[in-house]
Amino acid sequence: MPKFSIILPAFNVQNYIARALESCINQSFGDIEIIIVDDCGQDKSMEIAKEFASRDLRIKIIHNEKNQGTFASRNNGALHASGEYLLFLDSDDYLDLSVCEILHTALLESTQEIDILGFNFFKQEGGEFYKDSLFEHKFRGKIDAFCIYLFSQGKGYWNLCNKIYKTSTYKNACNSLPTMQKITMAEDAFMFLLFLFHAKNAAYIPDALYFYCENLDSITKRNDAQKLAKSICDHQYVLSQIASLQIAEPKHAIYARIISYDLQCSLLNDTRKTKGFFYYLYSSVRKKYLRLLRKKELQRLKNDCK
């Protein structure tokens with residue numbers, strides 16, 4: 001069993017996938033497998049992937065029957081993984097060459113079995129990379145303390161690509177997924193929530209190990225009417241899916257409410273771009289109310305964990 005399975009969904013990324021794969025095969029820690037998920041694109045991405053696979057036996061290629069999007073492709077790759085931990089890499093991004101070695105060392109430092117381990121990333125804006133410092137120090141402990149820290153940061157804490165996941169725990173989360181329509185926005189938040197329901201122990205480190213790159217062709221990185229409409233629909237859909245969950249554990253219900261409040265604020269931000277002045281005023285008041293509810297839920301979680 002390899003220590004890490006690196007999952008790369010691939011859809012029309014012929015200009016980027018070689019860079020992503022180079023950052024995988026040249027890892028300083030070699031006990032890995034690399035799973036490329038073919039999401040039925042029309043360019044030469046798979047030709048490039050097959051050429052890499054012919055040179056490195058750690059690379060496996062699996063094929064979706066039809067285009068399913070990043071969310072389903074990641075999960076399909078995870079279900080085929082044999083590594084102890086999962087690391088997700090978008091094919092237009094790349095990894096620090098020591099990410100697996102550093103994460104392996106961090107796992108060895110824990111006396112408990114870690115379900116999720118977070119790290120920082122570099123984000124490209126205007127051609128320059130800037131460090132996102134979500135995790136400011138080292139931590140090892142219970143999942144509740146991990147969540148309290150993340151929910152207190154006021155940042156995009158649910159990003160799947162700046163964490164590794166115990167494969168068995170992630171597969172349990174996948175198996176609890178309801179039947180989903182194809183989504184490209186807010187999917188990280190939903191999967192992150194489901195994973196939290198199954199996790200017990202967590203850790204994070206301050207190292208920045210992932211390079212989140214500009215790709216204006218990606219729907220998640222475009223800024224146009226098509227992306228906005230898709231984002232609104234996907235946020236509404238994910239919120240409805242969260243609302244329909246049957247949650248027995250009180251702390252898990254708090255996780256769900258906090259993430260729902262954050263998603264509702266994101267939805268308001270998107271929707272008011274399509275509306276007039278009075279909706280802008282309404283959304284501002286609504287966001288203040290949601291933040292107040294969120295603050296109360298976070299305090300409730302802190303009190304429950306004392």
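## A small set of lining residues

By class, six nonpolar, no polar and three charged residues line the largest cavity. Here Ala, Val, Leu, Ile, Met, Phe, Trp, Tyr, Cys and Pro count as nonpolar, Asp, Glu, Lys and Arg as charged, and the others, Gly among them, as polar. This is a predicted model, in which local features need pLDDT of at least 70 and side-chain atom pairs pLDDT 80 or more, while totals for chains, interfaces and linings use all residues. Residues are numbered from 1 along each chain as its sequence is written, and side-chain values use heavy atoms, without hydrogens and water.

## The cavity

The lining is made up of Ala106, Glu109, Leu117, Lys138, Phe139, Arg140, Ala203, Tyr204 and Ile205. Strand 8 (139-142) and strand 10 (201-212) are the elements that give two or more residues to this lining, and strand 10 gives the most, with three. Strands (E, at least two residues) and helices (H or I, at least four) are DSSP runs, numbered from the N terminus.

The largest cavity has a volume of about 50 Å³. On a 1 Å grid over the protein atoms alone, a cavity is a set of points where a 1.4 Å probe fits but cannot get out; a pocket is an open set with protein on both sides within 12 Å along at least five of seven lines, and lining residues have an atom within 4 Å of a point. Points are joined across faces, edges and corners, and a volume is the space filled by probe spheres set on them.

## Helix 6 and its two partners

Helix 3 (residues 69-79) packs with helix 6 (residues 167-175) at an angle of about 130°, their axes 10 Å apart. Axes are lines fitted to C-alpha atoms over the stretch in contact, and angles run from 0 to 180 degrees between N-to-C directions. Asn75, Ala78 and Leu79 in helix 3 meet helix 6 residues including Tyr170 and Cys174, where contact means heavy atoms within 4.5 Å.

Helix 6 also packs with helix 7 (residues 187-198), at about 115° and with axes 8 Å apart. Tyr170 and Cys174 are again among the helix 6 residues involved, and they meet a group in helix 7 that includes Met191 and Phe195. This contact has six nonpolar, three polar and no charged residues.

## A pocket beside helix 3

What is the volume of the second largest pocket? It is about 330 Å³. Of its 16 lining residues, Gln68, Phe71, Ala72, Met180 and Gln181 are the closest to its centre. Helix 3 gives the most to this lining, with five residues.
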